[in-house]
Amino acid sequence: MHFHRFVYIIPALFVCSLQAFAADSTRIIKLYDRGYGYLDRLEYDSAGMVFQQGLDLSRRSNNHFLEATGLYNQSRSYELSNNLSTALETLEDAMAIFDRIGRKKNVANCYNSYNRIYQTLGNYAQALSYGLRALRIKEALNDQAGLAVALTNVGNVYLLTEHFDDALVHFTRALAIDSANNDSEGISISLLNIGVAFQKKGNYSNALNKYRQALDIVRQLGNKGDEVWLLNNIGSTLRQSGKPDSSLVYLISSLSTAEKYNINSSHILNDLAETYLAINKPEAAKKHALEAVDASEKEQNLGQLVYAWQFLGDSYEKLGNYPNAYHALKQHTVFKDSLLNVKKAALLNNLKVQYESEKKEQTIALLTKEKASAAFRRNAYLASGVLIAVILLLLYNRQRLNSKKNRLLYEKGKEVDKMKTTFFSNISHEFRTPLTLILGPVQSLLSLTTDPKMIRQLNTMERNAQRLLGQIDQLLYLSKLESDKPEISLTRLNIIPLIRGTVMNFSSMADDRQINLQVETPMPGLTMDVDKEKIETVIINLLSNAFKFTPRGGSITVTVDMVEKGNTPYCGIRIQDTGMGINEKDIPHVFDRFYQSNDRQKAQQGGSGIGLALVKELVKLHKGSINIVSKPNEGAEVTVLLPLPEDYTVQQSPGAGKKGDEVPVSMFNPLPAENWEEPEVRKTIVLVIEDNADVMLYIKDVLQNEYHIVEAANGAEGILKAIETIPDLVISDVMMPEKDGYEVCSTLKQDERTSHIPLILLTAKVSFEDKLHGLQQKADEYLTKPFSPKELLLRVANLISSRKALREKYSKELVLKPLDVTVPSIEEAFLQKVMLVAEERIADESFTVVDLATEVGMSRSQLHRKLQALTNQSATEFIRSYRLTKAMDMIKQHAGSVAEIGYKVGFSSPSYFNKMFLQQYGITPGQARTKQS
């Protein structure tokens, strides 16, 4: 285990700059100073409250630097208390202010914080990206103390990704700086990290030497957190070097100190489980592995969760309990497959090379510039200047003659285009009024009639009227572009779901014409600056053109990728079709206004000649380019290139990392949800059942930043995955193979394991009868296609929020009256069953979650998810809470001594009984007994 190092923005760093501040500034600094004290004592809630007071005061004083400082410190308190999503949000606000007021040193500190948080989240590529940014700034500012911190953070990422030699280089540089600054805490951290690197390389003697040096220092400093992990590391190193009995002494001491000072213990518990396995004590190993599973979930430590399941499986196997061994090792495999992605290591190497090459390029550029300057001075003679002037004069005269002729031709062509546009703009305004008078009555008739034949005819009328209205709007927009005052409203957004959503609107047309329409992209996200409406118009026009010339049974593919052109990154949008293609002579003119191809007119597929011209203008507004490649009868390929800003963000496939700064809002990267018992603070699971691959991808794009998505391609598969994962919400299409959405809804709502899960039916069917049928199957929502992303997000959030309110209500009822809970019938029956089993086995100290799950006919993960949804408690917490509630009842009834009652409700240790009782009720069992006397 290794440590992150961090920098508080302490008052001493900016005392000089605050001497002229008002009295409020002094009060703010004192509040922040108090907050640092709370952080040192691990009292994170108190620190957060004091930081918030200082932050509020700084805002009232309009002191931007102190406001950013308060946000930074708030983020640190959130980070230390494991509230990582809030930490990221707060840190982003702090960095925005520091950047605006030009505080580069503080911006680098924020980058260091991002580095630490992403390491905790397991996103090592993102962590390294931020760490290298901090390192560059600290080197440029010659901030030695800050440079040691940045070196440590970068070294930590290399350590986590098994680049041990790179890690040692950075840790050794940090140690040299700390020694020069006589920084005892920094020296201990660097020694610890060097020890970890040696331990990972198998050099145990050097590792133990560094650990013991560091342990002497942290004990002098009184740093209990560092002491815990150093004891742990010494213990694990001794075990690895073949001394497991000596290892136990250090590990037990580490765990005792961790529990005393409320320090995370999942790593220690795993080391104890592994050590007991090494000395062939599987029962003790199982006990610590089970505790490690619970601790890892609460700490949101996925890396330790992988090991906990492995050691638990090995323990069950040695005990001969093969079913539980199989289950535990399956869990281990699920998490291991998700965490170990080889693409991470490749990206880290690329980032490292990029960092080193940038420094080389800067040196080369400087030398080249100096050399060029010298050459210029040597060769800049007066004769050369005269010669150049003569040549330029000759070229100018020749160009002037050509330009005059070209200008006349250009002006003539421009005048003709303007006449065309003016004419069409004028008649367009005249067309809008009768079209409006047609569309209004058609839409009114559609809402009144139920005759299928009439509905089809009215839909045809409305569709074509809307198409004509769209052509008119395009003409009017072209007229606006002619004014030479184009308007563009850039917004920072993820372009991938925007394109998927636009393409999805053509899915019904593709189905009708049996055209294979698909979107391909190697990345789930590419965040850049675009005008959303204009890009949608570009995609719609290009797709409309592709559909126009693609025959039944053909295919249209939309590909989105990053393209390098002249060392400049672009977003490339390529639309390929298998249509009739374009003649070579027509290609230079397809983007000209009002151009008509004779061949296409013969094919009776002609258009207005407006759409592609508009596309070209809209792409030009984005400073992009558009190109077309085609041959007759071989289809066409249109490529749009949109330049990316310097701070663009690209999200690769899970684990592959990014070039930019994608900031996740989730606690974990997306992981397989099968058999996953999630921690208390977790990403909500949404099961999406959809047979159309593009619609599935679109829904994922909309939801995946807020929720963990599980996919199912048909109704039968969806039912199985719902039972297996117990998601928080289900979104199901209606028309699917094997089982439709109505069957999915009916099945899940009648099953005890899934009856509590809210369900949204998603379909293109819009009749009243369809909606009524869906609601009769107890669907919670009915959403029709096409839908807006905001509407989907809002409906999902509302359903999950309403379930959360019910869960809090049921949880309170359960605590107050364990055997008299008022909930809906299926949930009531389930909770009654669970509580009866708990009642029967309450005195059995060996009674575990696995036993409870077996008794109620569920897997451990299903039971956990169901109880979490209904009571806001994990299965382990439910059993413990039930025992403690029973104990309180027995104390009130004077049913024995405190120790006797503890044993009767299944606690084998009186001290543990006292600790858990105090945690739930705020008083000890003895105090509760005294109050009843």
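**Exercise 1. What span should the 17 residues of helix 13 have at 1.5 Å a residue, and how far apart are its end C-alpha atoms?**

A word on the model before we start: it is predicted, so local features need pLDDT of at least 70 and side-chain atom pairs count only at pLDDT 80 or more, while totals for chains, interfaces and linings use all residues. Residues are numbered from 1 along each chain as its sequence is written, and side-chain values use heavy atoms, with hydrogens and water left out.

Step 1. Helices (H or I, at least four residues) and strands (E, at least two) are DSSP runs, numbered from the N terminus. The expected span of a helix is 1.5 Å times one less than its number of residues.

Step 2. For helix 13 this should give 24 Å, and the end C-alpha atoms are 24 Å apart, which agrees.

Step 3. Look just past the end: helix 13 is followed by Asn262, whose phi is positive, near 55 degrees.

**Exercise 2. Work out how helix 14 sits among its neighbours.**

Step 1. Check the length as before: the 13 residues of helix 14 (residues 266-278) should span 18 Å, and the end C-alpha atoms are 18 Å apart, in agreement.

Step 2. Use burial (buried means under 20% relative accessible area, exposed over 50%, partly exposed in between, with a 1.4 Å probe and protein chains only). Eleven of the 13 residues of helix 14 are buried, so this helix is largely enclosed by the rest of the structure. Among them are His267, Asn270, Asp271 and Tyr276.

Step 3. Find the partners, taking contact as heavy atoms within 4.5 Å. The buried residues of helix 14 pack against helix 12 (224-240), helix 13 (244-260), helix 15 (282-299) and helix 16 (302-319). Seen from helix 13, the cover of its buried residues includes helix 12 and helix 14.

Step 4. After helix 14 comes Asn280, with a positive phi near 60 degrees.

**Exercise 3. Compare the settings of Asn62 and Asn182.**

Step 1. Recall the background: most residues other than glycine have a negative phi.

Step 2. Asn62 has a positive phi near 60 degrees, and Asn182 has a positive phi of about 55 degrees.

Step 3. Asn62 is in the loop between helix 3 (44-60) and helix 4 (64-80); Asn182 is in the loop between helix 9 (164-180) and helix 10.

Step 4. Asn62 is exposed, with a relative accessible area of 55%, and Asn182 is exposed at 63%.

**Exercise 4. Is Gln199 buried or exposed, and what is it in contact with?**

Step 1. Gln199 lies in helix 10 (residues 184-201).

Step 2. At 10% relative accessibility, Gln199 counts as buried.

Step 3. Leaving aside neighbours within four places in sequence, its contacts include Tyr204, Tyr211, Asn233 and Gln240.

**Exercise 5. Describe the largest nonpolar core.**

Step 1. A nonpolar core is a set of buried Ala, Val, Leu, Ile, Met, Phe, Trp, Tyr and Cys residues joined through side-chain atoms within 4.5 Å.

Step 2. The largest has 73 residues, and Phe98, Tyr111 and Tyr114 have the most contacts inside it.

Step 3. Apart from that core lies another, of 46 residues, among them Ile496, Ala546, Ile626 and Leu642.

Step 4. Back to Tyr111: beyond its neighbours within four places in sequence, its contacts include Met95, Tyr130 and Arg133.
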